[in-house]
Amino acid sequence: MSIKYSRRNILRAGLATSGAALLTALPASRLFAQEPEKPSEIIVRAWGGEWVESLKKGVSDRFTEMTGIAVRHDLTEDNEIQPKVWAAVAQNRVPPIHINWDTTTNATKSALRGVTEDISDLTNLANTTELAKPVGLDGYPMVNTYGYVYVLAYRPDAFPDGPPKSWRDLLDPKFKGRIALYNDGIGFHFPAQVAGGGSLEDIPDNMDACWDFVREMKEQNPLLGEDPDFTTWFQNGEIDAACTISTNALAAKKNGVELAWTVPEEGCKFDTDCLWIPKGLPENELYWAKQYINLALSQESQQIWLDGLGLPGVIEGLTPPAGLAGDPSYPTEPEDFEHLIRVSSAVQVQNESDWFAKFKEIMQG
Amino acid sequence: MPQIPSTDDPQTTFRYPLRWRIMDALNYGLDRFWPARMSPYTGWALIMPALLLVGILVLGLFEMADSSLHTLDRAIFRPSEAYTLENYQAVMESATYGRVVMRSVFAAGLTVFFTLLLALPYAYIMVRTTRSAVRKALLVTLFLPFFIGQVVRAYGLLIILGTNGVANNALGLVGIEPIRLLFNFPAVVFGLVQYMLPFAVLMLAPALTAIPRETETAASSLGANWLQSFRHIVLPMAKPGLIGAGLVVGTLSLTDFAMPAMLGGGSQDFIANAIYDQFFRTADQGLGAALALLLVVLGSVIVGVVIALFGAGTLGMGSKK
């Protein structure tokens, strides 16, 4: 048998050899599992301001860079998107978003309603801490992506004797009309239970102490608002102190407002936010939505995303952002959690409406 | 006798103007689409789009009525199967909703009063002035806010009335310490009056135009001064406009959401804010629907009472009362 060494045959042999080399070098999944068709964009619901900027920088831009799929951020409020998603799933329509960035309590409601996709097959879940796992639910209908603290943020010049040590310090008459709380009282109920002389063990059965303290606080005529309000109010000099997520205080500080925050002796509420995918997406879009969340759980994305938010993530070994190492709003070690109050999502989901209603009843009086 | 041009005669060919031909074509098309034998139903056809719109609204109300009869099952966050009046009972027994309803009605009443108080002289000057420049200036000032939405206007007030805002800066010039002008009940009413003023002026202006100027002239020739003439001639004759404007301003204020949300500082909720909370904050659509229907009933009863007592004003479209 004679072999002809033509230029064409040599090229063919070269291609075949390099092809074989590629087969051995790359993971099988990359070669044989054909990636589903890429959508032109995926839509991620997000909170505005500092929140969405951090997500964009840490996850969305990297996702687009890696896949070529554009990411659109839908800034509809989490509470407002919820009924829209629920209605879409109930009517077998394609939901208006691919991924919902949500509070874990709200997401748990959606999971209980059965509108969330299971995402327990994400490869990066293997690297996450216990914080990532939703409590009291089967599998992963959502994945927690970081924790946050409802700190007592304050203007240092309003507290010349040093940081407030107790939530009761806010009852000083000089703070009348100069305090802000969330308009449903979220973040304030649990520390109020302690500040009112009650016990955390009594939650949710007996929260009289909480409501007594809320009544005392009502006499201070507090402003009630949402996340963006706190930043604005601090910037405009409307308030001296607020019970708010540390990220909002950090945002105001970045915008030049002289601001500090603390965890008073009664403690602060610690909670988590999460990502989840609504049911009803086409198969290929579901695949890419999962890839987005998978990327959000990678070390690099968590580091960049949470540097922006100033919050502790769910991956081991993240470096705290400048100035936040050891900060009470950035708990990482078990002892950091000693003054933080964490109540299970199940208890919150079942009782939140009643707490909101009671808080409103007092504040609307 | 003029000769009728014949189309057979090329010397006297007459070409219809383009506009006539278009009108003929439209007439022909209309005749094909809606033949003359259908003319008894023309009125119904014209009113059909409005009926469809109202029909959709009524369907929505039926849906909400159905929704209001189911409580939220918090184990699965879906409405329970059983029909119940528990949502209505919850509203009736709640001190919060009682306060919110009273606040909404009181604020709507105050808004009507202050808006009409400001709108009447504004509309009167706009209608009666003999100087075209003044009328134009008043019209421009009136229409300008229409180009700006309610939310933007409320933000404008936040800037002006804030602790470091223009108003407090002005007070600072005369040595007055900054005071809290925002986030209270008066701020909400102020915002509503500012928002409603153009609506009221627009509703009052036609009613004032319809008052013959000669009537006022006659009154003054009989010895009435301007104030007497305004009180005894203009006010009674402007009553239809005042009632129409009052009804529009009152119902819009009663159902307002943005002003209490933005200027109330979270503690001055109206019924619409309470409905929003139930739909979007606690996901309890049944309770939200019950509140929404109660708002519809409350608004309808108030409007019904006003119409029964004073007539529908300019909204009555000339019907006798």
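1. Salt bridges first. The rule finds 6 of them across the interface of chain A and chain B. This is a predicted model, and the points below should be read with that in mind. One pair can be named: Asp184(A) forms a salt bridge with Arg281(B). Their closest N and O atoms are 3.3 Å apart.

2. Polar contacts. Across the interface of chain A and chain B, 19 residue pairs are in polar contact, with both residues at pLDDT 80 or more. On the chain A side, four elements each supply at least two residues that touch chain B: helix H4 (78-90), helix H5 (104-113), strand S6 (223-225) and helix H12 (345-363). Which element gives the largest share of that side? H12(A) does, with 10 residues.

3. Make-up of the chain A side. The residues of chain A that touch chain B split by class into 11 nonpolar, 11 polar and 10 charged.

4. Extent of the interface. In chain A, 32 residues are in contact with chain B, where 29 residues take part. The two chains bury about 2,800 Å² between them. Carbon and sulfur atoms account for 43% of that area. Which residues of chain A lose the most area to chain B? They are Arg113(A), Glu238(A) and Gln364(A). Together these three make up 23% of what the chain A side buries.

5. The main core. The largest nonpolar core has 140 residues. Trp101(A), Tyr146(A), Phe188(A) and Trp305(A) have the most contacts inside it. The largest share of this core comes from chain B: helix H8 (residues 185-209) of that chain gives 14 residues.

6. The second core. A separate core has 17 residues. Both chains appear in it: its members include Ile43(A) and Cys274(A), along with Leu72(B) and Ala283(B).

7. A residue to look at: Ile293(A). This isoleucine is found in helix H10 (residues 283-296) of chain A. Is Ile293(A) buried or exposed? Ile293(A) counts as buried because its relative accessibility is 0%, and the cut-off for buried is under 20%.

8. Neighbours of Ile293(A). Leaving out residues up to four places away in sequence, Ile293(A) touches Ile99(A), Ile119(A), Leu122(A), Val143(A), Leu275(A), Trp276(A) and Ile277(A). Thr145(A) gives another reference point. Ile293(A) and Thr145(A) are 148 residues apart in sequence. In space, their C-alpha atoms are 9.3 Å apart.

Methods: Residues numbered from 1 in each chain as written. Chains lettered and ligands numbered in written order. Predicted model: local features only at pLDDT ≥ 70, side-chain atom pairs only at ≥ 80, totals over all residues. Heavy atoms only, no water. Contact = heavy atoms within 4.5 Å. Buried area = accessible area lost by both parts, 1.4 Å probe. Salt bridge = Lys/Arg side-chain N within 4 Å of Asp/Glu carboxyl O. Polar contact = N/O pair within 3.5 Å; in protein donor to acceptor, adjacent residues only side chain to side chain. Nonpolar A, V, L, I, M, F, W, Y, C, P; charged D, E, K, R; others polar. Buried < 20%, exposed > 50% of the residue type's maximum accessible area, 1.4 Å probe, protein only. Core = buried A, V, L, I, M, F, W, Y, C linked by side-chain atoms within 4.5 Å.
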